[in-house]
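These are my notebook entries on a structure that I had not examined before. I went through it topic by topic and wrote down what I looked up.

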Amino acid sequence: MSEWLTRIRLPQVAFYPELAGDYFKYASDELTHTYGDIEMAFLYYTMSSNVDKVNDYGAWIVNLYYRAHLYVPLLQIGQKVVDIAGVHTNEEVFNNMGLACTRFGRYDEALTWLTKFMIAARMQENKAKEAHALNAISQVYYHKHDFNSALVWLEKCRQLAKQHKLLENEGIAHTNIG
C-alpha cells in the first residue's frame, strides 16, 4: 500500500489546526451545540499553540463545564490551558479549577488554584473577583474544619467588600460568618 501511495504522488495537503478549531467552534456555536464539537475545537486550538485562543476558549469551556457539573473534564481542560498559557492563564480557569477541586474534597489543590485566582484578580485590580477568591478560600478552610483560618479569610473578604462597596460580596461574607 505504501509503495502504491508513493507511486501515485499525491500532492501534500496542508493542515492548519487553528482553522480546524475555528470550524468546530463554529459548528458548536451555530449548528450542533454539542460538547464533542466544543472539545474538538479546543483540541485543535491546543495543537495550534495559539495561546490567546486556548486561553479564551478554555476559560469559556471550564465556565460552561462548571455550570454543568462536569468537573472531571473541567479539570482536564483547565490543566491544558495552564500548560499552554502559563502565567497568562485566564483567571476564571484558576477559579473554576479551585471550585471543582473543592467539590472533590481535594482541598490543598483547591487552595493552590484559588490563591492563583486571587493573585490574578489583584494584578487586574478587580476587587469583586478578589473578594470572591477570598470567600472561596475561606470556604475551603471551612471544609477542612480549620474554622479559625476560615474566619480570617472571610473577614478579609468582608473588609475588602465593605471598603469598595461590593454589596453582594459583603452580604455573602456576612451570611457565611453566620
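Entry 1. Glu130.

Is Glu130 buried or exposed? I noted beforehand that the model is a predicted one. I looked up the relative accessibility of Glu130 and found 6%; the cut-off for buried is under 20%, so Glu130 counts as buried. I then located Glu130 in helix α8, which covers residues 127-143.

I next asked which residues Glu130 touches once its neighbours within four places in sequence are left aside. The contacts are Met118, Ala121, Arg122 and Leu160. With one of these, Arg122, the side chain of Glu130 makes a polar contact of 2.7 Å. The pair also appears as a salt bridge, at 2.7 Å from N to O. I checked the partner as well: Arg122 has a relative accessibility of 43% and therefore counts as partly exposed. I recorded the bridge as one between a buried Glu130 and a partly exposed Arg122.

Entry 2. Other salt bridges.

How many salt bridges does a search of the whole structure find? I noted 10.

I looked up the one between Lys53 and Glu18, whose closest N and O atoms are 3.1 Å apart. Lys53 belongs to helix α4 (residues 51-67) and Glu18 to helix α2 (residues 17-32), so this pair ties together parts that are 35 residues apart in sequence. For exposure, I found Lys53 at 25% relative accessibility, which counts as partly exposed. Glu18 is partly exposed too, with a relative accessible area of 29%.

I then turned to Glu91, which forms a salt bridge with Lys129; the closest N and O atoms are 2.4 Å apart. Glu91 sits in helix α6 and Lys129 in helix α8, and the pair links distant parts of the chain, 38 residues apart. Glu91 has a relative accessible area of 9%, and it is therefore buried.

I went back to Glu130 and Arg122, whose side chains meet in a salt bridge. After that I looked for bridges with shared partners, and I found that Glu18, Asp22 and Lys53 are joined in this way into one network.

Entry 3. The largest pocket.

What is the volume of the largest pocket? I recorded about 220 Å³. Its lining consists of Gly86, Val87, His88, Thr89, Asn90, Glu91, Phe94, Lys116, Ile119, Ala120, Met123 and Gln124. The elements that give two or more residues to this lining are α6 (91-103) and α7 (107-123). Of the elements, α7 gives the most, with 4 residues.

I sorted the lining by residue type and obtained 5 nonpolar, 5 polar and 2 charged residues. Glu91, which I had met in the previous entry as the partner of Lys129, is among the lining residues.

Entry 4. Thr89 and Val82.

Thr89 is another residue of the pocket lining, so I looked it up separately. Thr89 is found in the loop between α5 and α6. Its relative accessible area is 6%, and Thr89 is therefore buried. I asked what the side chain of Thr89 reaches. It is the backbone oxygen of Gly86, at 2.6 Å. Gly86 is itself listed in the lining of the pocket. Beyond four places in sequence, Thr89 is in contact with Asn55, Val81, Val82 and Phe94.

I followed the contact to Val82, which lies in helix α5 (residues 71-85). Val82 has a relative accessibility of 15%, which means that it counts as buried. Leaving aside neighbours within four places in sequence, I listed the contacts of Val82 as Thr89, Val93, Phe94, Met97 and Trp113. Phe94 is thus in the contact list of Val82 and in that of Thr89. I also noted the distance from Val82 to Val54: the two are 28 residues apart in sequence and 9.4 Å apart in space, from C-alpha to C-alpha.

Entry 5. The whole chain.

Which elements make up the protein? I counted 10 helices and 0 strands. Of the 178 residues in the protein, 42% are buried. Finally, I looked at contacts with a separation of 6 or more, and found that residues 24 or more positions apart account for 48% of them.

Technical notes. Residues numbered from 1 in each chain as written. Predicted model: local features only at pLDDT ≥ 70, side-chain atom pairs only at ≥ 80, totals over all residues. Heavy atoms only, no water. 1 Å grid on protein atoms, 1.4 Å probe; cavity = no way out; pocket = protein on both sides within 12 Å on 5 of 7 lines; lining within 4 Å. Points joined across faces, edges and corners; volume = space filled by probe spheres on them. Nonpolar A, V, L, I, M, F, W, Y, C, P; charged D, E, K, R; others polar. Buried < 20%, exposed > 50% of the residue type's maximum accessible area, 1.4 Å probe, protein only. Contact = heavy atoms within 4.5 Å. Polar contact = N/O pair within 3.5 Å; in protein donor to acceptor, adjacent residues only side chain to side chain. Salt bridge = Lys/Arg side-chain N within 4 Å of Asp/Glu carboxyl O.
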